[in-house]
Amino acid sequence: MRIISGTHKGRRITAPKNLPVRPTTDMAKEALFNILGNRFYFEEISVLDLFAGTGNMSFEFASRGCTAITSVDSHPGCVKFIAAKAGEWNFKIRAIKMDVFKFLGSVGESYDLVFLDPPYDLSPEQFCDIHRLVYEHNFLKPDGMLIIEHSKRMDLSHLAHHASVRKYGSSLFSFYEREV
C-alpha cells in the first residue's frame, strides 16, 4: 500500500501483519480518487472512514489536504496504528475504537463524504443496516456522498439514493448521494 497523491505521495503504508484487514488496492484507490477529485475540493470537506482498518483511505484523504477526518474501527490494533501514523505524518485524523454499528447509532455529526469498506462477509442485511443508519441519523451533509466498497457478489443497487457503481478488479464501489 502507498499514498497515491498529495503531500505524502509515494509514502508506503506498512501495517503490522496481525491486523485483520483487506486494504483497498492502490489501483482501486487511485481510480476512486480520480472520481472524487472531480467532485470535491479535499481541503474543504469532512470525511468519515468506517471500518477504517489500516487507515489507508484516511491517509489518502489527509495527504490530499483534508483536515477533518474521523476513522472508526473496532480493532484496537488498527486504531492504534492509525493514530500512530497520523501523529508521525502530522495528519489531522481522529481515530475512534468503536463498533461501527454502535458509532452510527450514537454519534450525530454530519460529513461531506462517508466511506466504508466493511468485511466482505457482512450479510446483505448488515449492509442495508449501515446504509439506513447513515441516512436516518443524518451522517451525510446536504450534497454529501456515501461510498460503500464491496465484493462483486454483493448487489447494493436497490438501496435508496443509489447513483452509480464502479468495478475495479474484484471490488465494487457503490455511490449514494444525498440531495439538498
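## A pair of neighbouring strands

In this predicted model, Lys 167 stands opposite Leu 172, a residue of strand β7. The two strands concerned, β6 with residues 162–168 and β7 with residues 171–177, run antiparallel and are joined by six bridges.

Between the strands of this hairpin lie two residues, and Gly 169 takes a positive phi near 65° there.

## The order of helices and strands

Looking beyond the hairpin, one finds five helices and seven strands in the protein. If the chain is followed along its sequence, these elements appear in the pattern α-β-α-β-α-β-α-β-α-β-β-β, in which the run of strands at the end comes after the last helix.

## Overall dimensions and packing

The C-alpha trace spans about 40 × 35 × 35 Å along the principal axes of the protein. For a compact globule of 180 residues one would expect a radius of gyration near 16 Å, and because the protein has 15 Å, its value agrees with that expectation.

Of the 180 residues, 49% count as buried. When contacts with a separation of 6 or more are considered, 67% of them are accounted for by residues that lie 24 or more positions apart in the sequence.

## Surface and charge

The protein exposes about 8,500 Å², and carbon and sulfur atoms supply 50% of this area. There are 22 positive and 21 negative charges, and the mean position of the positive charges lies 7 Å apart from the mean position of the negative ones.

Technical notes:
Residues numbered from 1 in each chain as written. Predicted model: local features only at pLDDT ≥ 70, side-chain atom pairs only at ≥ 80, totals over all residues. Heavy atoms only, no water. Pairing = 2+ DSSP bridges. Helix = DSSP H or I, 4+ residues; strand = E, 2+ residues; numbered from the N terminus. Rg over C-alpha atoms; globule rule 2.2 N^0.38 Å. Buried < 20%, exposed > 50% of the residue type's maximum accessible area, 1.4 Å probe, protein only. Contact = heavy atoms within 4.5 Å. Areas by Shrake-Rupley, 256 points an atom, 1.4 Å probe, with all protein chains shown as cover. Lys, Arg positive; Asp, Glu negative; His and termini not counted. Charge placed at Lys NZ, Arg CZ, Asp CG, Glu CD.
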